[in-house]
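Visitor: I would like to learn how to read helix packing and internal cavities in a model. Please take me through one.

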Amino acid sequence: MTEALSPRLSLRTQLVRFVLTGGLSAIVDYGLLVVLMAFGLDHTPAKILSFIAGTTTAYLINRRWTFNSDGSRRKFAAVMALYALTFVLQVGIFTPLYPWLVSVGLGAEFLPNMNWAQLIGFVVAQGIATAVNFVVQRTVIFKS
């Protein structure tokens, strides 16, 4: 595999592309989380599966479009290690946060047809993991 497809993009371009990719990946992640929980899967295994789907989507798009890289075995291994960290962050934050948010009244009964605990827990966990993910990918894994 070659190291790079073309010269490194500007920070602004990378950030915009990372956010757009993250938005799509978050839709995949959150959509699957909602579906799996609606089918009765507990919140932790549902989050594990939705995280895998969302991060796979993000990696495939970011590697080429955001960071202009064909990748390499080293970069792939580094991204997998980073995703392991962001997995621990996301699941580790969502797992205790979701039941706590439900306990303070933000479950599905707070507003019909909307589980605010699910949404808030997802956004908090996703936000923290996304910030870590971008910084490490840009400054360590895909730096020029």
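Visitor: In which crossing, left-handed or right-handed, does H2 pass H3?

Guide: Two packed helices are described by the angle between their axes and the distance between the axes. First, the source: this is a predicted model, in which local features need pLDDT of at least 70 and side-chain atom pairs count only at pLDDT 80 or more, while totals for chains, interfaces and linings use all residues. Residues are numbered from 1 along each chain as its sequence is written, and side-chain values use heavy atoms, with hydrogens and water left out. H2 passes H3 in a right-handed crossing (the near helix is turned clockwise from the far one by less than a right angle; anticlockwise would be left-handed). Helices are DSSP runs of H or I, at least four residues, numbered from the N terminus.

Visitor: At what angle do the axes of H2 and H3 cross?

Guide: The axes of H2 (residues 43–66) and H3 (residues 73–106) cross at roughly 145° and come within 10 Å. Axes are lines fitted to C-alpha atoms over the stretch in contact, and angles run from 0 to 180 degrees between N-to-C directions. The contact (heavy atoms within 4.5 Å) includes Phe51, Thr55 and Ala58 of H2 and Tyr83, Phe87 and Phe94 of H3. Its residues divide into twelve nonpolar, six polar and one charged (Ala, Val, Leu, Ile, Met, Phe, Trp, Tyr, Cys and Pro count as nonpolar, Asp, Glu, Lys and Arg as charged, the others, Gly among them, as polar).

Visitor: Which salt bridge is found, and what does the pair tie together?

Guide: The side chains of Lys47 and Asp29 form a salt bridge at 3.1 Å, N to O (a side-chain nitrogen of Lys or Arg within 4 Å of a carboxyl oxygen of Asp or Glu). Lys47 is in helix H2 and Asp29 in helix H1, so the pair ties together parts 18 residues apart in sequence. The count comes to one salt bridge.

Visitor: How many cavities of 30 Å³ or more are found?

Guide: Rolling a probe the size of a water molecule over the atoms shows where empty space is left. On a 1 Å grid over the protein atoms alone, a cavity is a set of points where a 1.4 Å probe fits but cannot get out; lining residues have an atom within 4 Å of a point. Grid points are joined across faces, edges and corners, and a volume is the space filled by probe spheres set on the points. The search finds one cavity of 30 Å³ or more, and the largest cavity has a volume of about 150 Å³. Of its 18 lining residues, the closest to the centre are Thr55, Ala58, Gln126, Thr130 and Asn133. The lining has six nonpolar, eleven polar and one charged residues.

Key:
Helices (H or I, at least four residues) and strands (E, at least two) are DSSP runs, numbered from the N terminus. On a 1 Å grid over the protein atoms alone, a cavity is a set of points where a 1.4 Å probe fits but cannot get out, and a pocket is an open set with protein on both sides within 12 Å along at least five of seven lines; lining residues have an atom within 4 Å of a point.
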